[in-house]
Amino acid sequence: MKSLKIKLSRKSYLFLFLLVSIWFMSFCSYTSPFFYFDYSPDNNCFFTVGKALMHGIIPYKDVFEQKGPYVYLIHGIAYLINHYSLVGIFPFEVISLFFTIYIVYKIALLYTDREYAYVVAILSPTFQLFHPYYDYGDTVESLLFPAMLSLIYVLLRGDKDNFNISRTSWVLQGFLVGLTFLMKYTLLGSWIIFYISIFTYYLIHKFWRKIIKLIQWSLVGFLLAVLPWLIFFILTKSLPAFIHVYFYENMHTYMLSNNSFFAKFIESLTIYSSFLRDDPLIFLCGFLGYVYLLASNTIFKTTVGKAIFVLMMIVNAAFIVYGYHSSQVYQYYELAFFPIFINTHRFYHYSFTKSF
């Protein structure tokens with residue numbers, strides 16, 4: 001019993017993180033019970049399709065909406081919580097922010113003391129809730145914020161240990177790839193470059209067992225996320241409708257740029273460059289943070305880790321707004337840039353604490 005009490009007391013910071021999450025979301029998200037109504041058209045569309053799903057109406061086949069099926073499942077659960085408002089999304093947003101705080105805490109622990117890590121973690125909601133990119137809440141970018149952060153955590157831990165990544169981490173990342181794939185696949189840029197880079201690193205060094213572990217356990221996680229929906233769409237004879245709406249319509253209706261692949265890529269990076277220059281805080285934590293990262297050897301143990309991180313930043317930025325003109329980019333799309341910013345902020349903090 002004494003041992004159990006000690007363990008519980010050591011985990012009491014998790015309760016603090018939960019309270020911080022509830023506090024921030026109560027005043028920042030329109031799904032909070034403190035707000036009378038969420039007037040976002042996107043969120044209400046998701047809620048309508050989620051409600052339809054709970055009544056046996058099949059998304060894509062019977063009702064048109066182009067987001068991923070997990071988005072509608074979440075909103076369907078929210079409908080079961082409350083039939084008449086989006087307050088049922090509030091617990092999901094609290095959980096998302098809680099995991100963001102927790103993962104930032106784990107990242108900070110890699111470089112600093114526990115006391116400093118608490119402070120850094122509690123400040124992290126600033127980035128997930130950065131106005132106007134997080135304007136009203138209930139966006140896929142916000143819900144998947146901790147998923148993107150978890151990938152960075154795996155990279156930072158791997159950089160310290162010759163990229164020995166555990167089976168559990170591969171299963172989790174495979175699952176998160178599947179989850180993101182079926183929520184909003186334009187957020188997969190960082191995972192794509194991470195997997196390509198780690199696979200190449202293992203291949204060059206002839207780490208055959210690590211390659212098998214990467215493929216095997218990532219595939220297990222991916223199938224855990226994807227197979228239930230594949231079976232659902234096959235059984236409801238809605239797989240062709242899902243493929244047409246979620247992939248074809250998304251790529252040909254929403255992405256209106258007719259430029260070549262290379263021109264679209266440059267256009268995406270131009271949008272990202274403008275984004276980095278628009279706000280002084282973004283410029284400080286973003287552009288100057290990247291410069292500091294490249295010039296400093298205090299965070300990454302290996303050049304490979306540093307290179308993968310920079311490539312993840314570039315490819316993530318390109319994927320998020322790929323195929324869009326600057327006038328077509330909604331600001332909430334750009335919230336997906338911020339997980340990288342959190343870590344450049346951590347680098348500043350680490351250098352500050354090391355100097356003392």
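**Entry 1: cysteines.** I looked up Cys45 and found a relative accessibility of 34%, so Cys45 counts as partly exposed. The model I am reading is a predicted one. I then turned to Cys28, which is partly exposed as well, its relative accessible area being 26%. Both values fall in the class between the limits of 20% for buried and 50% for exposed. I also looked for disulfides and recorded 0 in the structure.

**Entry 2: salt bridges.** How many salt bridges does a search of the whole structure find? I noted 1. The side chains of Glu141 and Lys184 form a salt bridge, with a distance of 2.5 Å from N to O. Glu141 belongs to helix α8, residues 140-143, while Lys184 sits in the loop between α10 (167-181) and α11 (189-204); the pair therefore ties together parts that lie 43 residues apart in sequence.

I next asked whether these two residues are buried or exposed. Glu141 has 1% relative accessibility and so counts as buried. Lys184 is buried too, with a relative accessible area of 12%. Buried means under 20%, which is why both residues fall in that class.

**Entry 3: a nonpolar patch.** I looked up which residues make a nonpolar surface patch of about 630 Å². I listed Leu219, Leu223, Leu227, Leu230, Ile231, Ile234 and Leu235. I chose Leu223 for a further check and located it in helix α12, which spans residues 208-235. Leu223 has 35% relative accessibility and therefore counts as partly exposed. Patches take residues with over 30% relative accessible area, and the 35% of Leu223 is recorded here beside that cut-off.

Notes:
Residues numbered from 1 in each chain as written. Predicted model: local features only at pLDDT ≥ 70, side-chain atom pairs only at ≥ 80, totals over all residues. Heavy atoms only, no water. Patch = residues over 30% accessible without salt bridge, like charges linked within 9 Å, V, L, I, M, F, W, Y side chains within 5 Å. Areas by Shrake-Rupley, 256 points an atom, 1.4 Å probe, with all protein chains shown as cover. Salt bridge = Lys/Arg side-chain N within 4 Å of Asp/Glu carboxyl O. Helix = DSSP H or I, 4+ residues; strand = E, 2+ residues; numbered from the N terminus. Buried < 20%, exposed > 50% of the residue type's maximum accessible area, 1.4 Å probe, protein only. Disulfide = S-S within 2.5 Å.
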